[in-house]
Amino acid sequence: MIELVLLARADQVDALSDALTDELDALAVTVEDADADTPDEAPIFGEPGMPATLSSQIGGWQRSIVKALFTDEDAATEAATLLLAQDDDSGATLFDDLHIHGLQPVADQDWVRLTQSQFEPVLITSDFWIVPSWHKAPEGATRVMRLDPGLAFGTGTHPTTRMCLRWIARHADLSAPWPRVLDYGCGSGILAIGAGLHGATGIDAVDIDPAAVESSRANAAANGVSLNRVGLPDQAEGLYPVVLANILAAPLKLLAPLLSQHVAPGGSLVMAGLLERQIEDLQAAYAPWLALEVADREEGWVLLSGRRP
Ligand SMILES: C[S@@+](CC[C@H](N)C(=O)[O-])C[C@H]1O[C@@H](n2cnc3c(N)ncnc32)[C@H](O)[C@@H]1O
């Protein structure tokens, strides 16, 4: 294997990645901040767990290192030549300023093992762990969720998911389990399953993404957790003592009336996916129904929770 290493501008990254994978047979493309670990490093916040973004607006960092993996040197060299020669509709060079850093050999690896090694068991509380199927559960883990990375978001590695799971672990009362829970934006189903492992019943899990709905079903079954309704958002129905929503600030704001009205009187709304600077905006959006307070913080992300009067 050989890696073609390029230095590109942020606005070129998306088109460059598409050209490399769709037209030039790159096996994989990765994007890194060329200024990482320097004073010019630029933190980027985006959809939790999705590739780092600015990306919904701009595909990468101001100075991005783009690495494309090829089977051999000929394929990588040809790709570099074709990239430099690409014109746009007006005949101008498409990737102007593109800098070819060079080619570097990549040692043969056991790729399955390498991928798996990036997903270690994740500690939620001292006895509650998320553990990939190929790992043994750690000593002392009495509550274990088996979960492998898949098409839907939610492996437990992202701070927003971890904070929601910690909230569940801290607030679940095994002697009086929640009779209903709504996981709104369920992704892999990780929060719904977490609630189930803490005794909840009547769990509904909904998402706008059909792949997430399928993942939630499969992951819940693999963990022996029985979900009530799993489907698109219209499957959420009635009042729930606990509503969990780990999405993003903008959709959470839009969803304020809907989510609030699913919370039973005396019940809790728990939401994540927002940053420190978005707290006040979210508190104001939910104020007509309930008072949201900061319940947890991790790596710049915030967990808000509130009780419905
Ligand atoms: C950050 S993931 C969270 C997944 C999982 N609940 C977790 O905590 O790891 C957000 C999920 O919300 C879903 N989503 C985004 N907007 C939504 C909306 N308006 N209604 C329902 N689900 C939505 C996405 O498809 C995605 O699966």
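What share of the 309 residues in the chain do buried residues make up? Buried residues account for 35% of them. The structure is a predicted model. Its chain holds 9 helices and 14 strands, and its C-alpha atoms fill a box of roughly 65 × 45 × 35 Å along the principal axes. Among the contacts in the chain with a separation of 6 or more, 66% are between residues 24 or more positions apart.

Helix α6 can be taken as the starting point. This helix covers residues 210-222, which is 13 residues. At 1.5 Å a residue it should span 18 Å, and the distance of 19 Å between its end C-alpha atoms agrees with that. Buried within α6 are A212, V213, S215, S216, N219 and A220. Seen down the helix axis, these buried residues fall within an arc of 165°, so they line one face of α6. What do the buried residues of α6 pack against? Their partners are α5 (residues 190-197), β9 (residues 203-206) and β10 (residues 230-231). After α6 comes G224, a residue with a positive phi near 65°.

Helix α5 leads on to the ligand. Both α5 and α4, the latter made of residues 159-171, supply at least two residues each to the shell around the ligand. There are 21 residues around the ligand, and G154, T161, G185, G187 and N246 come nearest. By type, the shell divides into 13 nonpolar, 6 polar and 2 charged residues.

The strands toward the end of the chain come next. Strand β11, residues 240-246, pairs with strand β12, residues 263-275, in the parallel sense, and 6 bridges are found between them. One position in this pairing is L244, whose bridge partner in β12 is V270. Strand β12 also pairs with strand β14, residues 301-307; here the sense is antiparallel, again over 6 bridges. In this pairing L274 has V302 of β14 as its bridge partner, and M271 stands opposite L304 of β14.

Strand β14 has a further pairing, with β13. These two strands run antiparallel and are joined by 5 bridges. V302 in β14 is the bridge partner of R297 as well as of L274. Is β14 mostly covered or mostly uncovered? It is mostly covered, since 6 of its 7 residues are buried. In a regular strand, side chains alternate between the two faces of the sheet.

Between β13 and β14 the chain turns. The two strands form a hairpin with 2 residues between them. E299 lies in this loop, which follows β13 (residues 293-298) and precedes β14. Its phi is positive, about 50°, although E299 is not a glycine. E299 counts as exposed because it has 10 C-beta neighbours inside 10 Å, and 12 or fewer is the cut-off for an exposed residue.

Which residue in the loop between α1 and β2 can be set beside E299? That residue is D25, found after α1 (residues 13-23) and before β2 (residues 28-33). D25 is a residue other than glycine, and its phi is positive, near 65°. D25 has 14 other C-beta atoms within 10 Å, so it is partly exposed.

One more loop residue completes the tour. W289 is found in the loop between α9, residues 279-286, and β13. With 17 C-beta neighbours inside 10 Å, W289 counts as partly exposed. Which residues does W289 contact once its neighbours within four places in sequence are left aside? W289 is in contact with S260 and R308. Its C-alpha atom is also 9.8 Å from that of L259, a residue 30 positions away in sequence.

Key
Residues are numbered from 1 along each chain as its sequence is written. This is a predicted model: local features need pLDDT of at least 70, side-chain atom pairs count only at pLDDT 80 or more; totals for chains, interfaces and linings use all residues. Helices (H or I, at least four residues) and strands (E, at least two) are DSSP runs, numbered from the N terminus. The expected span of a helix is 1.5 Å times one less than its number of residues. A residue is buried if 20 or more other C-beta atoms lie within 10 Å of its own, exposed if 12 or fewer, and partly exposed in between; C-beta atoms are placed from the backbone. The arc is that of the directions from the helix axis to the C-beta atoms. Two residues are in contact if their C-beta atoms, placed from the backbone, lie within 7 Å. A residue is near a molecule or strand if its C-beta atom, placed from the backbone, lies within 6 Å of it. Ala, Val, Leu, Ile, Met, Phe, Trp, Tyr, Cys and Pro count as nonpolar, Asp, Glu, Lys and Arg as charged, and the others, Gly among them, as polar. Two strands pair if DSSP finds at least two bridges between them.
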